[in-house]
Amino acid sequence: MALADDFDGLLIDLDGVVWIGREPVPGSAETLVALLAAGKELVFVTNNPGRPPAAYAERLGRMGVEVDPERIVTAGMVAARLAGEAANGGSAFVIGAEPLKEMVAATRTELVVGEPAHSAGVVVVSGHRNFDYEELLTAKRALDAGAALVATSRDPTLPMPGGEWPGTGSILAAVETASGRTAQIGGKPERHLFELALARLGGAERVAMVGDRLSSDIVGGHNAGLTTILVRSGTSSEDAGADGVAPDHVVADLAALLR
Ligand SMILES: [Mg+2]
């Protein structure tokens, strides 16, 4: 009997599970197609806010996995919502990629940069490749003046072919250190993302969280009351912050769910 038989719904992480950078994890596409064909309810959950849900759905579609964008929940969506609530009609300074900025702007929050950002109502932090000292300085100015601090995750790294890259947690550490403040987190392991994902799971009752990171996927899944499955295909670094939480199952990769 395959492990997947125990569940009628799965929350599945993307980076390190379905793909690594631009490369699909071998066997992941075939496995997702088979799980859908078997009637499993799937929702994809990612702490990567680098693209909107529709772009992830399109990428899955190119792999032959047909999913509605509604079935994709990103930390960016959740962080944007939290930022909108914190800004409460005011303004935000966003450290992050363009899609995250658009999501924050869509909460009717004005995006500000430079001098006007020093009085922003909220600072939003997410990893992006053009992070620099000016952004760090602007964030500190705003936070010192009382801005709220929201981030997409604390994931220290991002799995990439050839070795991990610094993730949102690395950049957030700089902002928190500079300001002495602690961010509210939109993504895994916090409950907001799980609540949204579970609401979109089509009524599945036996649900597992499948991911490659202990401190976000496994701790978050555990706290949400789900069975947790750690896959070994993604992040390889020692993962601090798991608080003694161990996964219920450890498998090599997504394809192992069907073996
Ligand atoms: Mg991952």
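Student: Let's start on a helix: what are R62 and E58, buried or exposed?
Tutor: R62 is exposed, and so is E58. Keep in mind that this is a predicted model. Exposed here stands for a relative accessible area over 50%.

Student: What makes R62 and E58 a salt bridge?
Tutor: The closest N and O atoms of R62 and E58 are 3.5 Å apart. The rule asks for a Lys or Arg side-chain nitrogen within 4 Å of an Asp or Glu carboxyl oxygen, so this pair qualifies. Both residues sit in helix α2, four residues apart, which is about one turn of the helix.

Student: How many salt bridges does the rule give in total?
Tutor: The count comes to 10.

Student: What does the R71 and E41 salt bridge tie together?
Tutor: R71 is in the loop between α2 (53-62) and β5 (72-74), while E41 belongs to strand β4 (residues 41-46), so the pair links parts that are 30 residues apart in sequence. The closest N and O atoms of R71 and E41 are 2.8 Å apart, and the cut-off is 4 Å, so the name salt bridge fits.

Student: Why is R71 called partly exposed?
Tutor: The relative accessible area of R71 is 21%. Buried needs under 20% and exposed needs over 50%, so R71 falls in between. E41, with 24%, is partly exposed because of that rule too.

Student: How do you know whether D253 is buried or exposed?
Tutor: D253 has a relative accessible area of 17%. The limit for buried is under 20%, so D253 is buried. Its salt-bridge partner is R259, with the closest N and O atoms 3.5 Å apart. R259 has 62% relative accessibility, and the limit for exposed is over 50%, so R259 counts as exposed.

Student: Which residues are linked with D13 in a network of salt bridges?
Tutor: K188 and D217 are linked with D13 in that network. D13 also has a metal to look after: together with D15 and D212, D13 coordinates the magnesium ion.

Student: What makes D13, D15 and D212 donors of the magnesium ion?
Tutor: The distances are 2.0 to 2.2 Å, and a donor atom has to be within 2.8 Å of this metal, so they pass. D13 and D212 coordinate through OD, and D15 through O. Along the chain the donors follow the spacing D-x1-D-x196-D. D13 is buried, and so is D15.

Student: Where does the protein divide into domains?
Tutor: Domain 1 covers 3-74 + 188-258, and domain 2 covers 76-185. Their centres, taken over C-alpha atoms, are separated by 25 Å.

Student: How many residues are in contact between domain 1 and domain 2?
Tutor: 28 residues of domain 1 touch 21 residues of domain 2. About 1,800 Å² is buried between the two domains, with carbon and sulfur atoms giving 60% of that area. On the domain 1 side, P49, H192 and R213 supply 29% of the area buried against domain 2, more than any other three residues.

Student: What makes D155 and R213 a salt bridge?
Tutor: The N to O distance between the D155 and R213 side chains is 4.0 Å, and the rule accepts pairs within 4 Å, so the pair is counted. The rule finds one salt bridge across the interface of domain 1 and domain 2. Seven residue pairs across that interface are in polar contact. The elements giving two or more residues to the side of domain 1 that touches domain 2 are β5 and α7 (191-199).

Student: Why is S28 called buried?
Tutor: S28 has a relative accessible area of 1%, and buried means under 20%, so S28 is buried. S28 lies in helix α1 (residues 28-37). Leaving aside neighbours within four places in sequence, S28 is in contact with V17, V18, M63 and L254.

Student: What is omega for the cis peptide bond that joins K188 and P189?
Tutor: Omega is about 5 degrees. P189 is found in the loop between β12 (184-185) and α7.

Student: Why does N88 count as exposed?
Tutor: N88 has 67% relative accessibility, over the 50% limit, so N88 is exposed. N88 is not a glycine, although its phi is positive, at about 50 degrees. Its place is in the loop between α3 (75-87) and β6 (91-95).

Methods
Residues numbered from 1 in each chain as written. Predicted model: local features only at pLDDT ≥ 70, side-chain atom pairs only at ≥ 80, totals over all residues. Heavy atoms only, no water. Buried < 20%, exposed > 50% of the residue type's maximum accessible area, 1.4 Å probe, protein only. Donors = N, O, S within 2.8 Å, 3.2 Å for Na, K, Ca; no water. Domains from an automatic or database assignment. Contact = heavy atoms within 4.5 Å. Buried area = accessible area lost by both parts, 1.4 Å probe. Polar contact = N/O pair within 3.5 Å; in protein donor to acceptor, adjacent residues only side chain to side chain.
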